[in-house]
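User: Please take a close look at one part of this model and describe what covers it. Then go on to the enclosed spaces, the open pocket and the loops that deserve a comment.

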Amino acid sequence: MADETTDLLERLASLPANRREAALRLLGRDTEAGTLRPRVDPSAPVRLSSGQEQVWLTDLMTGEPGSLVDHVAFRLHGPLDLAALHTAFEDLVARHEPLRSRLIRQGEIPMLVSGSAPVDVSVTDLTGQGIAAATAAATSDLAVPFDLEQGSLARLRLYRLAPDDHVLVLASHHMVTDGVSQGVLLVDLETLYQARREGRPAALAPLRVQYGDFAQWQRGFLAGERLTALTRYWTDRLAQTSGRLLLPLDNPRSARRGGAYLDFTAPTGLADRVATAARQHATTPFVVLLTAFRLLLWRLTAQRDTLVGTPVSARPLAETENMVGYFLNMVVLRGTADADASLRDLIATEHASAMSAYAHQDLPFEQLVTQLRPPREMGSTPLVQTVFSVEGQPGMSGSYLGASCEEIVLTGGRAQYDLMVKVVRDVELTARWDFDDAIIDATRITEWAHQFWALVDAVTSDPDRRVRDIPGLGDVPPDPSQDDRSTVEVLAWAGTADRVEPQGYLQETIAAAWQSLLGVSPGAHDALFDLGGHSLTVAQLSFRLSDTFRAHVGVAELFEYQTVAAQAEYVERLLLERAAQLSPDEREQLLDGQP
């Protein structure tokens, strides 16, 4: 340990001043986090954490609440004790509060309340059928949304192909789990299963605190001077950026997303070269790969200044390390492609940018969007449309529940972003490209994936090479983000130069709801986001208008129609559709003005 500490201090001392400062900030970011304590009344509703709130809003925007389903799936070869597995899953749900939670509303604020929820376990007998039948059934089951208001928010599915051949799927709503949580659940489920099989207590320590305690703590932690400092950093860091990545699309955007993925394995030996390059530049493989990805984005869009999101597991306290819940936060990494820079300089710049961003990662992404108010586009996410990440290990394999195990991948689901690239580091590198196939074709993704590996090869070959000397990067056209093309498909939210007062019952009612939420009086053609609205405002407006007009006023539609006038036209269509379902007598009463 002493040798490792000495080595770390020597490496820190050798860093340039800006990189050393960023490293020290990152090392010291948790020292004031405080202690997590149990809530006085665990059964009382607790407000969603910032991360949960973002997932919930994204879920609402799909048009099908409950559809953001997280899962792990395995094929198990060996005997299983189905009764013990069922009971172990009941124990698992009882142990982890988020799995037995449900969503409620207190006014227009979403809250989670835990309690006893029905345990959702089912076994489907597919004896004599092949793995294709099991994966098809599992994919179909994953497409079924969770009922967020009824709970529970986790389910276990087992597909029996033979007495010693099963497919196991553990699914949960994305609002209550993340990747680390999935690992905790799998370990706990196996421990509980073995204990049930052997008729003994499980060797699991009681949980002193739960995710609801963290959600409550987080809202107090992110306040005052800390929140002000974080907001100031990100406001300065992302100043004068458009927040729009102009990826070439094959189809126009719509309000509803698609979802697909493709896997691509890197050429042999590239993984070792990435690791070597990371050591040579005193950085991480993530930074080396991100440098190549940034160059790819420049090649595809001609935009020199780009934003890339990367999910970070924000578990700031020791008590949260093995806690089940949603701890991911999207951190925005800003970078610039400089044709005259060397690859060495580009990697160093990406490293410093990433270290600085990680040191300020505690600001929730939704609060950042609220502060910056970037332009919004129908069917697109604000600020970040492309996500890049690197994982250090492949999926689970070996043994699970006393049976031989291999992880399987199930298709389906909706893309949360235009493009998400996740590189898995093993003996070789594999990149998973998740994309919105409603706007980008698979053939284009294949081209991009091959170009990416070629750029990784270039980045790891000669660090002193200039960027413009890399094949394909010497003739990138001028940055188009400031010309007229950058406004294509952007919704016109700026309104008109002259204020127009809301007129008529629908516009006046909707304007009153805006004023209540925003504290300002809107004109008929003012845009919600220009007046300080944000994603949560839209969700609250959806609740309020749905209650007022006794019709489901969707969140996705409110994002599409951003002015009072446009929302009034949308609500009018909803009411006319409802009127069409009335009986002749009810229509006559309506036209006569009777209740």
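Analyst: In helix H11, the buried residues are Leu343, Leu346, Ile347, Glu350, His351, Ala352, Ser353, Ala354, Met355, Ala357, Tyr358 and Ala359. Buried stands for under 20% relative accessible area, exposed for over 50%, and partly exposed for what lies in between, with a 1.4 Å probe and protein chains only. The model is predicted: local features need pLDDT of at least 70, side-chain atom pairs count only at pLDDT 80 or more, and totals for chains, interfaces and linings use all residues. Residues are numbered from 1 along each chain as its sequence is written, and side-chain values use heavy atoms, with hydrogens and water left out.

With 12 of its 17 residues buried, H11 is mostly covered. H11 covers residues 343-359, and its first and last C-alpha atoms lie 24 Å apart, close to the 24 Å expected at 1.5 Å a residue. That expected span is 1.5 Å times one less than the number of residues. Helices (H or I, at least four residues) and strands (E, at least two) are DSSP runs numbered from the N terminus.

For the setting of H11, the chain has 18 helices and 15 strands. Of its 595 residues, 50% are buried. Among contacts (heavy atoms within 4.5 Å) with a separation of 6 or more, 76% join residues 24 or more positions apart. The accessible surface of the chain is about 27,000 Å², and carbon and sulfur atoms hold 50% of that area; the method is Shrake-Rupley with a 1.4 Å probe, and for residues only the protein chains shown count as cover.

The enclosed spaces come next. There are 8 cavities of 30 Å³ or more in the structure. On a 1 Å grid over the protein atoms alone, a cavity is a set of points where a 1.4 Å probe fits but cannot get out, a pocket is an open set with protein on both sides within 12 Å along at least five of seven lines, and lining residues have an atom within 4 Å of a point. Points are joined across faces, edges and corners, and a volume is the space filled by probe spheres set on them.

The largest cavity holds about 160 Å³. It has 17 lining residues, and those nearest its centre are Ser50, Phe214, Gln218, Ala314 and Asp362. H3, helix H7 (211-221) and strand E10 (328-336) are the elements that give two or more residues to this lining. The greatest share comes from H7, with 5 residues. The lining of the largest cavity is made up of 11 nonpolar, 5 polar and 1 charged residues. Here Ala, Val, Leu, Ile, Met, Phe, Trp, Tyr, Cys and Pro are nonpolar, Asp, Glu, Lys and Arg are charged, and the others, Gly among them, are polar.

The second largest cavity has about 100 Å³. Its lining has 16 residues, with Val46, Glu97, Ser101, Leu112 and Gly212 closest to the centre. H7 contributes at least two residues to this lining, as do strands E1 (46-47) and E4 (109-114). By class, the second largest cavity is lined by 9 nonpolar, 4 polar and 3 charged residues.

Among the pockets, the second largest has a volume of about 440 Å³. Of its 22 lining residues, Leu60, Pro65, Glu149, Phe543 and His552 lie nearest the centre. Two or more lining residues come from each of helix H3 (50-61), strand E3 (101-106), helix H15 (535-549) and helix H16 (555-560). H15 gives the most, with 4 residues. This lining divides into 11 nonpolar, 5 polar and 6 charged residues.

The loop between H15 and H16 holds Val553 and Arg550. Val553 is buried at 1% relative accessible area. Beyond its neighbours within four places in sequence, Val553 is in contact with Ser542, Leu545, Ser546, Leu558, Tyr570, Val571 and Leu574. The C-alpha atoms of Val553 and Leu541, 12 residues apart along the chain, are 8.7 Å apart in space. Arg550, by contrast, is exposed at 67% relative accessibility, and its phi is positive, near 55°, in a residue other than glycine.

Leu383, also not a glycine, has a positive phi of about 75°. Leu383 sits in the loop between helix H12 (365-372) and strand E11 (386-391), where it is buried at 3% relative accessible area.

Asp426 is in the loop between strands E14 (419-425) and E15 (429-435), and it is partly exposed at 46% relative accessibility. A distance of 9.8 Å separates the C-alpha atoms of Asp426 and Asp272, which are 154 residues apart along the chain.
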